[in-house]
Structure formats: C-alpha cells, structure tokens
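Please open the model in a viewer and keep the sequence panel visible. The tour below proceeds by selection, from the whole chain to single residues.

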Amino acid sequence: MAELGSKGVTAGKIASNVQKKLTRAQEKVLQKLGKADETKDEQFEQCVQNFNKQLSEGTRLQKDLRTYLASVKAMHEASKKLTECLQEVYEPDWPGRDDTNKIAENNDLLWTDFHQKLVDQALLTMDTYLGQFPDIKSRIAKRGRKLVDYDSARHHFEALQTAKKKDETKIAKAEEELVKAQKVFEEMNIDLQEELPSLWNSRVGFYVNTFQSIAGLEENFHKEMSKLNQNLHDVLLGLDKQYSGNAFPIKAQPRKKTKLFARLRKKMSRYRDSTPAKANKSPSPPPDGSPITSPETKTVNHELEPSTLEAPGASIPKSPSQPAEAAHAGAEAAGSEAAAGAEASKTEGDSGSSSLPAVVVETFPATVNGTVEGGASSERADMPPGFLFKVQAMHDYTATDSDELQLKAGDVVLVIPFENPEEQDEGWLMGVKESDWIQHKELDQCRGVFPENFTERVQ
C-alpha cells in the first residue's frame, strides 16, 4: 500500500476504476441485448463521422506531401549530379566555362531554397493542422465512456424507484450519482458539439492555403529555373557556334572479320602461278628437225573479269557471277583444240602432204548477262558482273581492314553481290568504286566491303 501511495495511486482509486469498467461493460451488454435503452445523438454521430473522414484525408495528405518533398530532394540530388557532370566535361578552353559554373551554383541554391520553403510553408503547417486531432479523438472516446456511465446511473436510479421495496437512502445516493454523471457528460458533449463542426469547416481554408502555397512556390521555382536554363542554353549555343566547323565522325556498324578476301587472293595467286605455263605451252620440235607451222591464235587476256569466253568445245557459263576459273577453263579448252589441230597437221606432213594448212583458233567476245561486252544493246554491259545498284558516299569512311573500301564523300560505288552470301555482315555491302572500275575494269584488286549507313542509293 505504501508503494501504491508513493506513486499517487491508492487502493480505493484502483478499485473504483475497476468497478467503473465492470459497470460499463455490463451496461453495453444490456444495450446490445436490447434490455437497456441507449442515449442517442444523431447530430453528434454525424460530427464524429466527419471528424474521422477529415482525419483520414489529412493523414493521407501529410503522407503524400512527405513523398513529394522526398521526390524534390531526389530531383535536387539528380540535378546536382548532372550539373557536376557538365562542369567536369566542360573543357577549360571552351567559352562560357565560368558561366556554366555560376549556373550550376545557382541551380543548387534554387533547389535548396525550394525544398526549405516547402517544408516551412506546407509540411510544418500540415503537421500543426493534424496535431489537434489526437486530443479531440481522445475526448470523443472519453465522452462515449461518460455517456455509458450516465446511462448506467440512469438505469440504476430508475430500477430503485420502481422496486417493490424502496430504500430512500439508496434512491437518494443513486440520484446524486446520476446528476453527477449527467453533468460530466453534458460538459464534454457541449464542448465537442461546438468544436467538431468548427474543425470540419476549417478543412476548406487549410486545403486552400496549403495548395496555394505549393503552387506559388512551384511557380516561382520554375520561373527562376527557366531563367537558368535559358542562360545555359545560350552558353551552349555559343560553344556550338565556335565548334560548328568540326566534323563529328559517324561510326559504321560493327562487322565480323571474315577471311573472304584472304581466301580470294590466295585462290587467284595459285591460279596466276599455274596459268602462264599452260598458256605458253607449244608442241616440241619433231625428232627429225623438220619445221612445223605454228597455229595462228589470238591472244586470250586472262586478266579480264569473269566473263564467258565462247570457243569451240568450251562449255558456256550461263551466269556472269560464276568464278573466273570457268572462263579460263574455256580458254584452255580452246588452246587444247588448237594443239590438237597442230598435231593433225604434222601427221599429214609426215604422210607426204605437200602443204600444211594453218590452223586458226578463233576466240569470241566475252559476254555479260548474255550481252556482248562493248555492245550498245544494254546499259549494264559496262558494269561489273552481278551489278546490283549504285550508291553514293554521304560521309568519309576510313578503311580499318585490307578488305574494306576507303570512301570520300561523293564517291559513287557499284554494288555487287557477295560470292558467298554467308560471309556478308549485317549493315555492310560489297562493291567497287565507279572510278576504279572505269579505269581498270578489274575486280580482284578494287572490290571491297563498306558500311551501308555511310551511303545512300542513287540508282
């Protein structure tokens, strides 16, 4: 007991509180069961509903406002990082460097000021507005308890009055308790009846002031930020004008390093090493030393592009894109036939023939797509085999490999197909510069690949 007394709580007080809780619980049970009437105040209940709605809306607004402020702070940090990046990449010799540094400083100050004013004029006001709700909510709950006490005292007094055996002393005491309970309840009820409607109406002015403050702060912030952005735009415009004459390279699409041309060069090298021996081969002089008549032949130019050489006994290729070996095979067949003719002439001479007729091997003009080269029947006769279309270089391109074309803006390129389509990389074409083709009529040393995005089609 001494310990309870030292804390300002007596055993009698504890017992009284316990008894009140039991009485209230009993009264609520009786009211729910319909065995005891309950004092109702619909107007007050409406005020309580409005209060709960107002508290819910205010709590949500406070939460969203804090989220907004967190977003402003995040934007401040992001803007600060962005301006720091600009300061780092802005080289010292560029015009406007001091201006960009000043703009970055003002940008940081503007964000800081905006955030602080939002805290002072919106968030703190919001906190003050919601600060009054906990106390009122507690008083509403207490009023509810006092209403139960009043109803319990009223029911107890009425029961004593209607009892068969009346005890005036108990009736007097019950009446005294009823008057006391009613007075406590009515005092709290009157205060809340005046306060709750006033609080409900205050929400309009609070919302107006809060959102006006936010809107005004945003308006001023964006107005000042717009000035800084315009200044930065002007500084960068001056930088662009000073360096506008510099060309910025356009990068080609990456390509795989194929060994297409390495294989082609190796194949052509083997062919050139073996061809002269076949072309210059002539019959050996007869053992008896008698002269022989050399067959009259026309020179076959093995350096021509892969075109069809029509000769007796030679198979005629149908496609201009067939390898060069097919054309040379025809030439070799013609040479073999000439050698056979010479041998026949020799045999006739040995049999007593008085004269040896000259054997003439005729060669025919090369054809491209079935058209005699050099003829005027087709415009494509002067184009490389398999010619597809023309493109013109829009930008300079520096070759990075031996199988690539070096291009200058304005160069015209004749596009031809890849011999092996699987070796074509996406975004790259095969071709020969028109000037090289007109001058050399040679593909092996002039053709190459080039990036398609550096050119545009002209034909």
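A residue is called buried here when its relative accessible area is under 20%. By that criterion, 31% of the 459 residues of the protein chain are buried. The model is a predicted one.

**The whole chain**

Begin with the protein chain in cartoon representation, which displays nine helices and nine strands. Switching to a surface representation shows an accessible surface of about 29600 Å², and carbon and sulfur atoms account for 53% of that area. If contacts are drawn between residues at least 6 apart in sequence, 71% of them link residues at least 24 apart.

**The five-stranded sheet**

Next, select the strands E5 to E9. In what order do the five strands of this open sheet lie? The order is E8-E7-E6-E5-E9, and the pairing is antiparallel. At the edges are E8 (448–451) and E9 (455–457), each of which pairs on one side only. Ignoring direction, neighbouring strands of this sheet are turned against each other by 50° on average. As a general point, strands of a sheet pair through backbone hydrogen bonds, in either a parallel or an antiparallel manner.

**Edge strand E8 and its partner E7**

Select residues 428–433, which form strand E7, together with E8; four bridges join the two strands in the antiparallel sense. Two of the pairs can be picked out by residue. Leu429 has Phe450 of E8 as its bridge partner, while Gly431 is bridged to Gly448 of E8.

Now display the residues of E8 on their own. Is E8 covered on its two faces, or open? Both faces are covered: Gly448 and Phe450 are buried on one side, and Val449 and Pro451 are buried on the other. In general, side chains of a regular strand alternate between the two faces of the sheet.

**Strand E5 and its two neighbours**

Move to residues 389–393, strand E5. This strand is mostly covered, with four of its five residues buried. Towards strand E6 (residues 412–416), E5 forms four bridges in the antiparallel sense, and Phe389 stands opposite Val415 of E6. Towards E9, E5 forms three bridges, again antiparallel; here Val391 is placed opposite Arg457 of E9.

**The loop before E8**

Select Lys441, which is located in the loop between helix H9 (434–440) and E8. Lys441 is not a glycine, yet its phi is positive, at about 50°. Is Lys441 buried, exposed or partly exposed? Lys441 counts as partly exposed because its relative accessibility is 34%, and the partly exposed class lies between the cut-offs of 20% and 50%.

**Helix H4**

Select residues 97–131 to isolate helix H4, which contains 35 residues. The distance from the first C-alpha of H4 to its last is 50 Å, close to the 51 Å expected at 1.5 Å a residue. Where along H4 should one look for a bend? Centre the view on Val119, at which H4 bends by about 35°.

**Helix H3 and a distant residue in sequence**

Finally, select residues 42–89, helix H3, and within this helix Gln43. Gln43 is classed as exposed because its relative accessible area is 58%, and exposed requires over 50%. Add Gln193 to the selection and draw a distance between the two C-alpha atoms: Gln43 and Gln193 are 150 residues apart along the chain, and their C-alpha atoms are separated by 8.6 Å.

Note on methods
Residues are numbered from 1 along each chain as its sequence is written. This is a predicted model: local features need pLDDT of at least 70, side-chain atom pairs count only at pLDDT 80 or more; totals for chains, interfaces and linings use all residues. Side-chain values use heavy atoms; hydrogens and water are left out. Buried means under 20% relative accessible area, exposed over 50%, partly exposed in between (1.4 Å probe, protein chains only). Contact means heavy atoms within 4.5 Å. Accessible areas come from the Shrake-Rupley method with a 1.4 Å probe; for residues, only the protein chains shown count as cover. Two strands pair if DSSP finds at least two bridges between them. Axes are lines fitted to C-alpha atoms, for helices over the stretch in contact, and angles run from 0 to 180 degrees between N-to-C directions. The expected span of a helix is 1.5 Å times one less than its number of residues. The bend at a residue is the angle between axes fitted to the seven residues ending there and the seven starting there.
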